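Let's take a walk through this protein together. Have the model open beside you and turn it as we go.

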Amino acid sequence: MSDTQGESKYSCWDFLITCVGLPLFLTDIGLDIWAAVIFYQEKAYACLGVLLLLLVGSTLLVQAYSWLWYSYDNFEMKTKVEGLPTRRQLTILHVCQLGVYLRHAGVLEMAVRSMYNRLPDPEKGASMPEEQKPKTEHITVSLTHDLSMLRIIETFSESAPQLTLMLTIILQTGHPDPVTVLKGVGSASAIAFAVTTYHRSLRSFLPDKEKQQISSSVIYFIWNLVLISSRLTALALFASVLPCFIFAHFICSWLVLFFFAWRSKMNFMESSCGEWLYRATVGLIWYFNWFSVAEGKTRYRTALYHGYILTDICILCAVWCWKMSTDPPDFVIDPMHALITAACVVAVYVLGLILKAIYYKVFHPNLDKNKIKGTSTEQQPVNEPNVDDEPDAYMFRAKAAPSPPPQPRCNKRMRKLAESFYC
């Protein structure tokens, strides 16, 4: 089979990540509830309001994407778990903010089936025939792709802002609170997990000969974490001295980024309303980190983006240093220490850019669009008669050369992102 139509493999590492994903998701929810209760008990109503706003906004956004993707697939469920509720019940589940849990259960079901199919039959002493495995693995990988994209959306609409909030609280109080630290660690873990699973999803579209080694994922993870950490720290420093102005900063920055997302001419969703929602979401993600969404060479767009964010980080850190010297908090920070802290935040972002350049120079494959794995119904070959053929000749050729079996359809949404990332 050609590289462009190769089957996706579901490895043991993918199975482990799938099994770890749901407990981490539930743990993060438990930490959210705990943090909300602590904020209420301490009468920190401003922090409680911001936390609830992030939680509600994020879950509404993720459930909206989950519902839209089900509708784009004509509600054709690929797992038994997802096929249990009727369309009306599925709607109720999403209204009650439970639709994503159904997706988690569906992915877990197919992951277990994929691993079970590899076990040897105790009676026959052999595992399932190779020709029966790809369908289950392909469905598992396809469902995992949607879940990884939903995690990215949740990460930058909930986890990243929450981590900024926790860092702001620590900076304002001058001492770390156990709950704040735990919630910060949970948010950082969610960001790291989402970035890792997203990159593994992109890697599954590479031809076998272009497969990236684990070192590429490590470098990808590190430079993303470094850039995100620097960005969130700069936002937290600014919010700790001018908490009200951070909202104005977000709105103004988001409007600029949303405009560029609109000008990027993306084609990710299958409806106009869904596409506008996606552009708004991309603007939100870009507020924290770069996210490749448009086809073609993105070198100049990436350079423009990082130049804008680096300038913004410098301004945010400069404002924090100025406020530390003119209106210091209750605890004393030496002006020189404040200046060194701000310089370190900027230097860390520059370090992240260097690591990113190394990744793209050494590890990142540049492929043509037709080399990305995955097929669609439009790409499958169809035997059509030639107008110059005699009827008998055509009938003989049709019997002698039967049509090849149709290839399973790939996840079109994730394939578009893979094209924008690798092509």
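**A guided tour of the model**

Our starting point is Ser148, which has its place in helix H6, spanning residues 133-173. What is in contact with Ser148, leaving aside its neighbours within four places in sequence? The partners are Thr197, Tyr198, Ser201 and Met414. If you measure from C-alpha to C-alpha, you will also find Phe193 at 9.4 Å from Ser148, although 45 residues separate the two in sequence. Is Ser148 buried or exposed? With a relative accessibility of 0%, Ser148 counts as buried.

Before going further, please keep in mind that this is a predicted model. The mean pLDDT of the protein chain is 80, and 81% of its residues reach 70 or more. Two stretches call for care. Over residues 375-390, pLDDT stays under 50, and the model has 21 contacts there beyond four places in sequence. Residues 393-401 also have pLDDT under 50 throughout, with six such contacts in the model. Where pLDDT is low, the predicted coordinates should not be read in detail.

Next, have a look at Val226, which sits in helix H8, residues 214-241. Val226 is buried, because its relative accessible area is 17%, and the cut-off for buried is under 20%. Beyond four places in sequence, Val226 is in contact with Val348, Gly352 and Leu355. Lys356 belongs to the picture too: its C-alpha is 9.8 Å from that of Val226, while the two residues are 130 apart in sequence.

Now turn to a pair of helices, H2 (residues 45-72) and H5 (residues 99-117), whose axes come within 8 Å and cross at roughly 60°. That angle is why H2 is described as oblique to H5. Which residues meet here? From H2 come Val62, Gln63, Ser66, Trp69 and Tyr70, and on the H5 side they meet Gly99, Val100, Leu102 and Arg103. Sorted by character, the residues of this contact are five nonpolar, three polar and one charged.

From H2, follow the chain into the loop that leads to helix H3 (80-83), where you will find Asn74. Phe75 lies in this loop between H2 and H3 as well. What is notable about their backbone angles? Most residues other than glycine have a negative phi. Asn74, however, has a positive phi of about 55° although it is not a glycine. For Phe75, phi is near 55°, again a positive value in a residue other than glycine. Asn74 is also exposed, because its relative accessible area is 53%.

Our last stop is the cysteines. How many disulfides does the structure hold? The number is zero. Cys314 is in no disulfide, and the nearest cysteine sulfur, that of Cys317, is 7.0 Å away. Cys317 in turn has its closest cysteine sulfur in Cys321, at 6.8 Å, which is too far for a bond, because a disulfide requires sulfur atoms within 2.5 Å. What about the surroundings of these residues? Cys314 has a relative accessibility of 33% and so counts as partly exposed, whereas Cys317, at 2%, counts as buried.

Note on methods. Residues numbered from 1 in each chain as written. Predicted model: local features only at pLDDT ≥ 70, side-chain atom pairs only at ≥ 80, totals over all residues. Heavy atoms only, no water. Axes fitted to C-alpha atoms, helices over the stretch in contact; angles between N-to-C directions. Helix = DSSP H or I, 4+ residues; strand = E, 2+ residues; numbered from the N terminus. Parallel < 35°, antiparallel > 145°, perpendicular 65-115°, else oblique. Contact = heavy atoms within 4.5 Å. Nonpolar A, V, L, I, M, F, W, Y, C, P; charged D, E, K, R; others polar. pLDDT = per-residue confidence, 0-100. Buried < 20%, exposed > 50% of the residue type's maximum accessible area, 1.4 Å probe, protein only.
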